[in-house]
Amino acid sequence: MRLNKYLADSGVSSRRESERIVTSGRVKINGKTITDINIPVNDNDTVSVDGNTVKPIKKQYYIMLHKPKGYITSAKDELGRKTVMQLIDIKARLFPIGRLDYDTEGLLLLTNDGKLANILTHPKHRIGKTYLVRLSGQLSTDSIQQLEKGVIIDGETTQPAIVDIISGDVHNTRLNITIFEGKNHQIKKMFDAVGHQVEFLKRIAIGEIKLGGLTRGTYRDLNKKELEYLNSLK
Ligand code: URA
């Protein structure tokens, strides 16, 4: 980044004013006075104005995406599959908070705020993630109780979950399930443990943040209330 943009992004001055500040000898890079406004500044350079260090203010993004099926939740895929990043037209380096499988759809949060990403994925915060599920077959009361208590997947017992049946017959069961951890393919493995196959999986909420009616494949900024909720977790 050039010095005049660096100063403007740091909130020191407009790009035009920066010129005057620099040519009057008030700016130093790594302790050396600089009078050329076009000089490039690197990430590890220290820039000061009148002896005070300045840094560009990084805009923080907090967005929710309705991930469709057929996209992977990472920046690159060695198999050449579509990635969720291809759905987002934002220049900043965003990263998804948690993953959804290739064939899962629903709520995915993305941010460039690393601290928040850590909080939301750390098991000690016990943030609930709610999924809408359609299963093969009818889920018995016994299986519901097992899922709510914890089932063994990959040699470990899952944390208690909350199961709410929406409808069911001999062919299928529709339900919501809330889990408080995020093991790999957790929902599919939990139902597998009680003998059912997941036919459709959609994440509809993370904590108090709900997907609502957001159109599949689109995204939006989180609103004030949602941001307040996330900040309350920090
Ligand atoms: N559990 C799964 O099995 N898959 C997902 O994508 C999310 C939770």
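This report walks through the domains, cores, ligand site and one helix of a predicted model.

## Domains

Let's start with the overall layout. The protein chain is split into three parts: domain 1 covers 3-54, domain 2 joins 62-123 with 209-233, and domain 3 runs over 128-206. Between the C-alpha centres of domain 1 and domain 3 there is a distance of 56 Å.

## The nonpolar cores

The largest nonpolar core has 31 residues, and the members that touch the most others are Val133, Ile177, Ile187 and Phe191. Two or more residues come from each of these elements: strands S5, S7, S8 (129-136), S12 (172-179) and S13 (198-206), together with helices H4 (141-149) and H5 (186-193). Seen by domain, this core takes at least three residues from domain 2 (62-123 + 209-233) and at least three from domain 3 (128-206).

Phe191 is a good place to look inside this core. Leaving aside residues up to four places away in sequence, Phe191 touches Val133, Leu135, Leu139, Leu147, Leu175, Ile177, His196 and Val198. Another core, of 16 residues, lies apart from the largest one, and its members include Ala117, Ile209, Leu214 and Leu230. In soluble globular proteins, nonpolar side chains tend to be buried together.

## Around the ligand

Now for the ligand. Its surroundings are formed by Leu100, Asp101, Thr104, Tyr131, His185, Gln186, Ile187, Lys188 and Leu201. Two of the polar approaches involve ligand oxygen atoms: a backbone N or O atom of Asp101 lies 2.7 Å from one oxygen atom, and an N or O atom in the side chain of Thr104 is 2.9 Å from an oxygen atom of the ligand. A nitrogen atom of the ligand, in turn, lies 3.1 Å from a backbone N or O atom of Ile187. Ile187 is also among the residues that touch the most other members of the largest nonpolar core.

## Two residues beside the ligand

Thr104 sits in the loop between S6 and S7. Is this residue buried or exposed? With a relative accessibility of 2%, Thr104 counts as buried, because the cut-off for buried is under 20%. Apart from residues up to four places away in sequence, Thr104 touches Lys67, Pro68, Lys69, Lys188, Leu201 and Lys202. Thr104 and Tyr131 are 27 residues apart along the chain, and their C-alpha atoms are separated by 10.0 Å.

Gln186 belongs to helix H5. Its relative accessible area is 3%, so Gln186 is buried. The side chain of Gln186 makes a polar contact with the side chain of Glu181 at 3.1 Å, and also reaches the backbone nitrogen of Lys183 at 2.8 Å. Not counting residues up to four places away in sequence, Gln186 touches Ile153, Thr158, Ile179 and Glu181.

## Helix H3 and its two sides

Helix H3 spans residues 114-121, and Leu116, Ala117, Ile119 and Leu120 are buried there. Why do these residues share a side of H3? They cover an arc of only 165° around the axis, so they lie on the same side of the helix. Lys115 and Asn118, on the other side of H3, are exposed.

What do the buried residues of H3 pack against? Their partners are strand S5 (62-67), strand S6 (95-97), strand S7 (105-111) and helix H6 (224-233). Ala117, one of the buried residues of H3, is also a member of the core of 16 residues. At the start of H3, the backbone nitrogen of Lys115 has a side-chain oxygen of Asp113 within 3.1 Å.

Note on methods: Residues are numbered from 1 along each chain as its sequence is written. This is a predicted model: local features need pLDDT of at least 70, side-chain atom pairs count only at pLDDT 80 or more; totals for chains, interfaces and linings use all residues. Side-chain values use heavy atoms; hydrogens and water are left out. Buried means under 20% relative accessible area, exposed over 50%, partly exposed in between (1.4 Å probe, protein chains only). Helices (H or I, at least four residues) and strands (E, at least two) are DSSP runs, numbered from the N terminus. The arc is that of the directions from the helix axis to the C-beta atoms. Contact means heavy atoms within 4.5 Å. A polar contact is a pair of N or O atoms within 3.5 Å; within protein, one must be able to donate a hydrogen and the other to accept it, and residues adjacent in sequence count only if both atoms are side-chain atoms. A nonpolar core is a set of buried Ala, Val, Leu, Ile, Met, Phe, Trp, Tyr and Cys residues joined through side-chain atoms within 4.5 Å. Domain bounds come from an automatic or database domain assignment. A residue is near a molecule or strand if one of its heavy atoms lies within 4 Å of it.
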